[in-house]
Amino acid sequence: MDLDAYVAEHSHEWRRLELFCDRRRLDADEIDEMIVLYQRTATHLSALRSRAPDPALVSRLSQLVLRARARITGRRRPSWAALGRFVVVGFPGAVYRAWPWWCAVATGFSMLSGFLIWYVAGNPGTAAAFIGPDAAADLVDSGFAGYYTEFSAPTFAFHLWTHNAWIAAQCLASGVLVVPVFYLLWQNALNVGVVGGVMVSYDRADVFFGLITPHGLLELTGVFVAAGVGLRTAWAWISPPEHLGRGRSVAEAGRSAILVAVGLVGLFAVSALLEAFVTPSPVPVALRVGLGATVWLGFLAYVVLLGRRAVAVERAPAERADPWLAELWPSTDPARAWHPTHRPH
């Protein structure tokens with residue numbers, strides 16, 4: 001390739017593309033021309049890299065192609081609107097789409113934990129085998145209640161927040177492997193079952209449920225959501241829809257898992273505050289449980305109402321979609337998706 005001749009032949013197209021990149025506003029014809037020039041310049045860059053790799057010219061064209069691509073596709077910048085889309089649409093929509101999975105996890109976990117509590121309470125020797133008789137007696141006398149006041153509330157809340165977020169992250173990241181998710185769930189169910197069974201066997205069920213309920217409803221729901229979404233990702237790989245294929249199916253499930261992971265950080269922050277400040281507080285048990293249940297029901301209502309609306313907007317034709325949500329989250333229907341050759345109105 002004669003590099004000088006190649007540059008002389010195409011430099012006017014590159015300068016024209018630079019001009020479009022620098023302009024603040026473009027009309028419809030200019031946008032169309034810019035797209036064509038962007039495609040040509042990308043081809044020129046590929047040819048130069050393979051046939052005449054001049055570092056300075058390749059660097060210049062690489063920057064030009066990146067600028068043009070950003071101008072054509074639009075630059076995503078952090079904004080309150082993006083945060084609003086995540087809170088109102090992204091997170092609740094991702095959780096709602098996976099509701100059969102995390103509801104199944106919640107049902108199985110609750111049944112297993114309930115069975116373990118019943119079995120350990122009815123067989124005191126089982127608790128002794130797990131933790132020993134002295135540890136069981138200490139747990140009933142002061143260990144269980146003392147756990148919530150052992151550290152200062154802010155330190156305890158931060159520890160709980162990071163610990164629960166780490167458990168959720170493990171469920172989401174290892175979901176495609178299936179077995180680690182069930183192992184983590186089993187560990188938590190065993191812990192709840194043994195401790196609850198010991199407390200019930202010593203007639204301290206009121207203390208156990210009075211302390212675990214205010215924060216446990218929301219905290220365990222977060223774990224169930226993480227596990228359910230992780231297992232949903234595994235199923236996307238095991239049995240992908242025919243119209244997507246395995247790779248795209250896993251990719252879409254993975255994107256939902258990322259949204260859920262970010263949202264659960266906030267959920268676990270709230271549950272940590274409940275556990276550190278509300279659970280050990282000296283207010284009546286009914287008030288503590290009522291506050292925890294209210295926050296939990298509020299989260300479920302948030303997911304069901306906003307999540308269902310978000311999914312409806314994603315699936316419904318534009319003319320029937322909720323206009324407010326449609327503006328927050330444009331439909332992903334390929335028939336109505338943006339295309340580079342579409343002219344702005």
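## Two helix pairs

Q: Which hand is the crossing of helix 5 and helix 10, left or right?
A: Helix 5 passes helix 10 in a right-handed crossing, the near helix being turned clockwise from the far one by less than a right angle (anticlockwise would be left-handed). Helices are DSSP runs of H or I with at least four residues, numbered from the N terminus. This is a predicted model, in which local features need pLDDT of at least 70 and side-chain atom pairs 80 or more, while totals for chains, interfaces and linings use all residues. Residues are numbered from 1 along each chain as its sequence is written, and side-chain values use heavy atoms, without hydrogens or water.

Q: And at what angle do those two pack?
A: Helix 5 (residues 99-122) and helix 10 (residues 205-238) pack at about 135°, with axes 7 Å apart; axes are lines fitted to C-alpha atoms over the stretch in contact, and angles run from 0 to 180 degrees between N-to-C directions. The two are therefore oblique, the class left after roughly parallel (under 35 degrees), roughly antiparallel (over 145) and roughly perpendicular (65 to 115).

Q: Switching to helix 2, what covers its buried residues?
A: The cover includes helix 1 (3-22) and helix 3 (55-73), and the buried residues (under 20% relative accessible area, 1.4 Å probe, protein chains only) include Met34, Tyr38 and Leu45.

Q: How does helix 2 lie against helix 3?
A: They pack at about 150°, with axes 10 Å apart, which makes helix 2 roughly antiparallel to helix 3, and their crossing is left-handed.

Notes. Buried < 20%, exposed > 50% of the residue type's maximum accessible area, 1.4 Å probe, protein only. Contact = heavy atoms within 4.5 Å.
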